[in-house]
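User: Please take a close look at one part of this model, the ligand and the pocket around it. I should like a connected account that I can follow with the structure open.

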Amino acid sequence: MQPLTRLSPEEELFRSTVARFARERLAPHVRQMDEAGVFRPDLLAALFELGLMGINIPEGFGGQDGTFFQSVLAIEELARVDPSASVIVDVQNTLCNAAVLQWGTADQKSRYLPKLAKDTTASYALSEAGSGSDAFALATLARQDGDCFRLTGRKLWITNAAEAGLFLVFATIDASAGYKGITAFLIERGTPGLSVGKKEDKLGIRASSTCEVILDDCRVPRENLLGEAGKGYKIAIETLNEGRIGIGAQMTGLAQAALDHALAYARERKQFGKAIAEFQGVQFELAEMAVDVEAARLLVYNAARLRDAGLPFLTEAAMAKYFASQIAERVASRAVEVLGGVGFTKDYPVEKLYRDAKIGRIYEGTSNMQRMTIAKQLLSR
Ligand SMILES: Cc1cc2nc3c(=O)[nH]c(=O)nc-3n(C[C@H](O)[C@H](O)[C@H](O)COP(=O)(O)OP(=O)(O)OC[C@H]3O[C@@H](n4cnc5c(N)ncnc54)[C@H](O)[C@@H]3O)c2cc1C
């Protein structure tokens with residue numbers, strides 16, 4: 001039996017390739033991208049070139065044919081340098097590619113998977129102003145009209161929307177049917193009636209775009225309906241169950257980065273004639289941060305490996321996302337304190353990690369939604 005965190009030679013090679021890319025290509029631009037609130041197009045292209053936007057896409061469609069665990073490794077490693085780059089890769093692989101892979105027809109797979117592996121960024125458009133945690137209260141309407149559907153509504157908070165070439169949109173074909181009306185559609189950018197609206201000015205993950213997506217009588221051919229009509233809720237539930245392991249990985253990578261910066265600084269910074277790392281008060285902070293990171297990583301890796309083994313992982317995924325997002329905030333906050341005054345400035349990376357951590361407790365199901373999932377499983381046993 002392999003220890004959870006022991007990587008196979010293939011996994012280690014993959015992890016170190018992503019780590020080198022993050023260190024050499026991404027790191028020099030992170031601060032500027034955060035300030036501008038824009039992810040550089042050349043770095044997005046580089047994510048595609050490295051195969052990171054199609055990790056889970058089969059080789060036959062131009063992807064990497066990788067495991068879910070490899071997606072998790074990539075998300076974690078990117079987050080150690082930039083949690084924005086990490087969420088771009090997370091949404092592409094764990095939500096959008098995964099949905100097309102699992103529910104796409106042969107025609108949809110051959111039309112979209114090669115593009116998703118090569119150069120087309122995707123967005124996952126579920127949330128609306130009136131439906132966040134209560135996602136299935138969505139109001140975007142898909143009205144059948146002969147061999148097509150006409151979609152009207154407004155999607156809010158859509159990650160990657162500024163760059164996306166493909167949108168996975170959830171709408172209802174029958175508002176009176178509740179969740180049983182929800183249907184998923186694949187909509188290409190440029191389709192008349194689809195437009196990308198206001199871009200949010202955010203606290204953290206600022207280089208990752210988050211925009212409104214407006215559907216105004218947008219005509220979508222029937223062959224772009226994903227899965228079955230009225231079964232979109234299943235696609236949403238199942239993709240998000242997996243996706244939240246990715247967010248756990250993002251938060252684990254972020255926390256590891258905060259710990260790494262705190263360790264390096266504690267070794268160098270001198271007060272009272274010695275490195276602050278020599279003070280037990282600082283050592284205990286670092287030790288507790290390391291325990292948090294290790295525990296989060298174990299939860300995330302276990303959930304990902306359960307998923308790859310075809311075993312149930314719902315509760316473990318919710319626990320991983322819940323815990324990793326909680327400790328990311330705590331570890332980043334402590335890192336700011338270990339750095340003292342400079343930790344509070346933009347000259348050092350920990351203030352950004354502290355800001356970036358907050359989103360982990362909000363998207364892909366808030367902390368309360370994860371607690372509800374965990375409690376429901378506990379009480380149903
Ligand atoms: C940066 C960013 C990126 C995002 N990306 C995407 C994306 O790509 N695609 C997408 O579809 N959505 C996306 N979202 C939306 C995100 O998933 C929602 O914001 C999230 O699900 C919470 O919904 P809400 O904002 O409406 O909050 P609400 O649901 O209004 O929640 C507000 C508070 O009430 C609590 N609450 C609500 N209901 C209950 C309950 N029953 N019991 C206890 N507490 C409850 C919540 O836990 C929360 O603390 C993104 C959001 C952000 C900020």
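Analyst: The account below begins with the ligand and its contacts, then turns to the pockets and to the backbone.

The model is a predicted one. In it, the ligand is surrounded by 18 residues. The closest of these are Y124, S127, S133, W157 and T366. By class, the shell comprises 9 nonpolar, 7 polar and 2 charged residues. Two elements of secondary structure, strand 3 (148-159) and helix 11 (367-379), each contribute at least two residues to this shell.

Several polar contacts can be located individually. At L126 the backbone takes part: one of its N or O atoms lies 2.9 Å from an oxygen atom of the ligand. At S127 a polar side-chain atom lies 2.7 Å from a nitrogen atom of the ligand. At S133 an N or O atom of the side chain is 2.6 Å from an oxygen atom of the ligand. Taken alone, the ligand exposes 970 Å², and the protein buries 64% of that area.

The ligand sits in the largest pocket, for which the computed volume is about 1300 Å³. This pocket is lined by 41 residues, and those closest to its centre are G132, I362, Y363, E364 and G365. Its lining consists of 21 nonpolar, 12 polar and 8 charged residues. Strand 3 and helix 11, already met in the shell around the ligand, also supply at least two residues each to the lining of the largest pocket. Helix 5 (83-103) and helix 7 (232-268) do likewise.

Helix 7 also leads to another site, as it supplies at least two residues to the lining of the second largest pocket. The volume of that pocket is about 440 Å³. Helix 1 (9-26), helix 2 (30-36) and helix 10 (350-357) each provide at least two lining residues there as well. Of the 22 residues that line the second largest pocket, V30, R80, V81, H261 and P349 lie nearest its centre. By class, the lining has 9 nonpolar, 1 polar and 12 charged residues.

A last point concerns the backbone. Most residues other than glycine have a negative phi. W157, one of the residues closest to the ligand, has a positive phi of about 70° although it is not a glycine. W157 is found in strand 3, an element that supplies at least two residues of the shell around the ligand. F272, likewise not a glycine, has a positive phi of about 50°. F272 is placed in the loop between strand 9 (270-271) and strand 10 (274-275).

Technical notes
Residues numbered from 1 in each chain as written. Predicted model: local features only at pLDDT ≥ 70, side-chain atom pairs only at ≥ 80, totals over all residues. Heavy atoms only, no water. Near = heavy atom within 4 Å. Polar contact = N/O pair within 3.5 Å; in protein donor to acceptor, adjacent residues only side chain to side chain. Areas by Shrake-Rupley, 256 points an atom, 1.4 Å probe, with all protein chains shown as cover. 1 Å grid on protein atoms, 1.4 Å probe; cavity = no way out; pocket = protein on both sides within 12 Å on 5 of 7 lines; lining within 4 Å. Sits in = over half its atoms within 2 Å of the grid points. Helix = DSSP H or I, 4+ residues; strand = E, 2+ residues; numbered from the N terminus. Nonpolar A, V, L, I, M, F, W, Y, C, P; charged D, E, K, R; others polar. Points joined across faces, edges and corners; volume = space filled by probe spheres on them.
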